[in-house]
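Reader: Got a minute to walk me through a model? I'd like to go over a few spots before I set anything up.

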Amino acid sequence: MPDLTDDGSEPATGLRGFAVRHRVGLQITAVSVAFVLAAGGAFAAGVLNGKPPQAPPAVAATPTPTPTPEARPAPIPLPVADRIRTCSVAELAADPRLANMQAQVMNASTGAVLFDRGGDTASRTASVLKVLTSAAALSVLGPDYRATTRVVAGAEPGSVVLVGGGDVTLSRTPSGTETVYPGAAHLDDLADQVEQAWEANPDNPPMTKLILDASYFGGDEWHPTWAPAERELGYMSPITALQVDGARDDPSSNTSYRSADPIGQAGEAFADALGGGLTIERGTAPADAALLGQVSSPSVADLIDKALIVSDNSVAEMLARLVAIQSGSGNTFDAIQAGVVAGLMPYGIDTTGITVIDGSGLSDSNAVAPAYLTRLFVKINAREGNLGLVFDSLPIAGGPRGSLSYSDRFTGDSAVADGSVFAKTGWIDTGYTLAGIVHAEDGTPLTFAMYALGDVSDDAKQALDAFAAGIYRCGDNLSNS
């Protein structure tokens, strides 16, 4: 059955049916054609009348905004995995001979800490402290500084004053004699100068009195934390601004009984050099007194060599006291802390927690963290400023001189590091220490500081040497485990 129209009749067929079915569409088309013809006629009429054709008005288009892409967050870089180091010195570090062990090892080229056991804890250093004293002396005094001993005219007729300038190396031996202090000044040279100056003034009466002025250093001559046996055993002199040969009985021996009265010992020696027969007393030089003669110590560079290579305590105390005076902190033991710390500041390493009781390290109240030393030795290894002088004065394992050349150091398996460990030794009753630089087997420069503290005996030295030889073998592959 066919579909019906809307009025219910059957749909037309043929052309009529087409017209019926598309009536509305034809009407719309006719209107559209009429509009186009009308527009075209107007356009033609404009041309015929000599007027430019008018384009139909344009419809302004609304621009579509270009979408701004959202900023993508920068990718978070993945952390670089630490290198896995596999060379362990844990067994060496656990050697019971090291007692309460502290240590730190650093790659001097990269600053990476490769090994650490209590490295940030400040503890007693023994003679390793002399490295700090030396570094401070180089920055405060300079390598060419020399301590001067003078003689001036006294206030009384016939008197002269011997004025100590802090030179513990001044010698009572004849000029030309080599003492334990190469390049030391000699009292006979000073006496010759004084006699010539005295005789050059015809108004001078005969010389009858010698006054000893040791006021350049003040306070105690012996620190209360030092064992008195250190003097009797020959390791330390009382610290006075006037003394000869480090107050030794034997000027040719590094270890020799020391006088309990260094000032008096020096005065008697100088009176003898002047011919004897003089009254000797203590006092101070008058202001602006006429200079009769003077002699000077070896340079700071030479004194550092002596303090480090054989660990000379008296020279280290001389340097520390001169640093304190020059820096303005004072001339007593109590001034050394401020003076030495001020001398270390130019090296740019944090000195927080450092305690400096003396210049030699003999006191067990000194305190320096191994971490400070590893950083200072990085600068020494790089020879920054004048610190190359410290490097050149360090004992060398198996070397020709110094405290690491002794027959009980770097023996056996530890000898593998001979010529490659440059370090300062230390020893007090409560600890053995070793700190310095290792040029490792793989070519890596390492800095280290090792403390064996507490109930230790002499064989702690061999344990420290074995530890140092271990880090020599490991180099940059040294593990912290």
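Author: Sure, here is a short tour of one helix, one loop residue and a cysteine pair. Keep in mind that this is a predicted model.

Reader: Okay, helix α9 to begin with. How many residues does it have, and how far does it reach?

Author: Helix α9 covers residues 313-327, so to speak a run of 15 residues, and spans 21 Å from its first C-alpha to its last. That is close to the 21 Å expected at 1.5 Å a residue.

Reader: Is α9 mostly covered or mostly open?

Author: Mostly covered, with 12 of the 15 residues of α9 buried. Among them are Asn313, Glu317, Arg321 and Ala324.

Reader: Charged ones in there too, noted. What covers the buried residues of α9?

Author: The cover includes three other helices: α4 (129-140), α8 (300-309) and α10 (336-344).

Reader: And what goes on at the start of α9?

Author: There, a side-chain oxygen of Asp312 comes to within 3.2 Å of the backbone nitrogen of Ser314. Past the other end, Gly328 sits just after α9 and has a positive phi of about 90 degrees.

Reader: Switching topic. Where is Ser405?

Author: Ser405 lies in the loop between α12 (388-392) and β8 (421-428).

Reader: Why does Ser405 count as partly exposed?

Author: Because its relative accessibility is 27%, and the partly exposed class runs between 20% and 50%.

Reader: What does Ser405 touch?

Author: Leaving out residues up to four places away in sequence, Ser405 touches Ile396, Gly399 and Pro400. The Ser405 side chain also reaches the backbone oxygen of Gly402, at 2.5 Å.

Reader: How far is Ser405 from Ile309 in space?

Author: The C-alpha atoms of Ser405 and Ile309 are 9.9 Å apart, while the two residues are 96 apart in sequence.

Reader: Now the cysteines. How many disulfides does the structure hold?

Author: There is 1 disulfide, and it joins Cys87 to Cys474 with an S to S distance of 1.9 Å. The pair links distant parts of the chain, 387 residues apart: Cys87 is in the loop between α2 (23-48) and α3 (90-93), and Cys474 is in helix α13 (residues 460-474).

Reader: Left-handed or right-handed, that link?

Author: Left-handed, with -65 degrees about the S-S bond of Cys87 and Cys474.

Reader: Last one: is each cysteine buried or partly exposed?

Author: Cys474 is buried because its relative accessible area is 6%. Cys87, at 21% relative accessibility, counts as partly exposed, since buried means under 20%.

Notes: Residues are numbered from 1 along each chain as its sequence is written. This is a predicted model: local features need pLDDT of at least 70, side-chain atom pairs count only at pLDDT 80 or more; totals for chains, interfaces and linings use all residues. Side-chain values use heavy atoms; hydrogens and water are left out. Helices (H or I, at least four residues) and strands (E, at least two) are DSSP runs, numbered from the N terminus. The expected span of a helix is 1.5 Å times one less than its number of residues. Buried means under 20% relative accessible area, exposed over 50%, partly exposed in between (1.4 Å probe, protein chains only). Contact means heavy atoms within 4.5 Å. A polar contact is a pair of N or O atoms within 3.5 Å; within protein, one must be able to donate a hydrogen and the other to accept it, and residues adjacent in sequence count only if both atoms are side-chain atoms. A disulfide is a pair of cysteine sulfur atoms within 2.5 Å.
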